[in-house]
Amino acid sequence: MFLKNSNAIPLVIDTDNAFGMPVRDLDDGIALILSLVAEQVDVKAIVASACNCRAYEAAQNTLYLLKQFGITDIPVGLGAETPLSGDREAHHQFLDAKTAGPWTAYWDNSPQIPAADVSVLPSGVDVLIDAVRTNPHEIVVVALGSFTN
C-alpha cells in the first residue's frame, strides 16, 4: 500500500501499543504509524507486549490500527503478558480505574477499539524468529515496549 525505498531498513517493532485507550500513552502508536508510512523503513512484523497496557490489549490496538490503514500483510504476534521482573497488573488496574467513577465524563466520547480474538495470533517470539529467518542479518528490532519477547 505504501511506497518503500528499495533500501528501506527492515524492522520488527516490539510495542506496548496503548494508542486509543483512555489514560494511556500515545507514543508507541504514533511511532508505529510513522514507521508504517515512512519509505525509509519496512515493518516486517509487530510483536505486542505488556507494559503501558496488557499484551492482548496492545495486540487488539495494533490490529485495529493496521486495519485502519488497510494493511493485512504484516504479521502481529502476541508477546509476553508479564515483564521479566515485577508485576504490571496493579498499574493496569490503577489506569483502568481512572476511566471510571468521576473521570468517566472525560472518556464518554472516545472511540472504542473493537475487541479482537488475539488468542489465534502466533506467539511474539515465533513472529520475531520468522522475520529474522526471512531477512537474515538485516532485521532491526525496535523495542518500544518492555521487550520481554
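A residue counts as buried when its relative accessible area is under 20%. By this criterion, strand 1 of the predicted model is mostly covered, with 6 of its 7 residues buried.

Strand 1 belongs to an open sheet of 4 strands. The strand order is 3-2-1-4, and the pairing is parallel. Strand 3 (76-78) and strand 4 (140-143) form the edges. Each has a single partner strand, so one side of each lacks a neighbour in the sheet. From one strand to the next, the twist averages 25°.

Strand 1 (residues 9-15) is joined to strand 2 (residues 41-48) by 7 bridges, and the two run parallel. Within this pair, leucine 11 has valine 43 of strand 2 as its bridge partner. Valine 12 stands opposite alanine 45 in strand 2. Towards strand 4, valine 12 stands opposite valine 141. Strands 1 and 4 also run parallel and are joined by 4 bridges.

Helices accompany the sheet. Helix 1 (residues 27-37) combines with strand 1 and strand 2 in a right-handed β-α-β unit. Helix 5 (residues 124-134) packs on the sheet and touches strand 1, strand 2, strand 3 and strand 4. The direction of helix 5 makes about 155° with that of strand 2.

Threonine 62 lies in helix 2 (residues 55-68). Its relative accessible area is 0%. The cut-off for burial is under 20%, so threonine 62 is buried. Neighbours within four places in sequence aside, threonine 62 is in contact with Thr15, Asn17, Leu32, Ile46 and Val76.

Terms used:
Residues numbered from 1 in each chain as written. Predicted model: local features only at pLDDT ≥ 70, side-chain atom pairs only at ≥ 80, totals over all residues. Heavy atoms only, no water. Buried < 20%, exposed > 50% of the residue type's maximum accessible area, 1.4 Å probe, protein only. Contact = heavy atoms within 4.5 Å. Pairing = 2+ DSSP bridges. Axes fitted to C-alpha atoms, helices over the stretch in contact; angles between N-to-C directions. Right-handed = clockwise from strand over helix to strand, strands pointing away.
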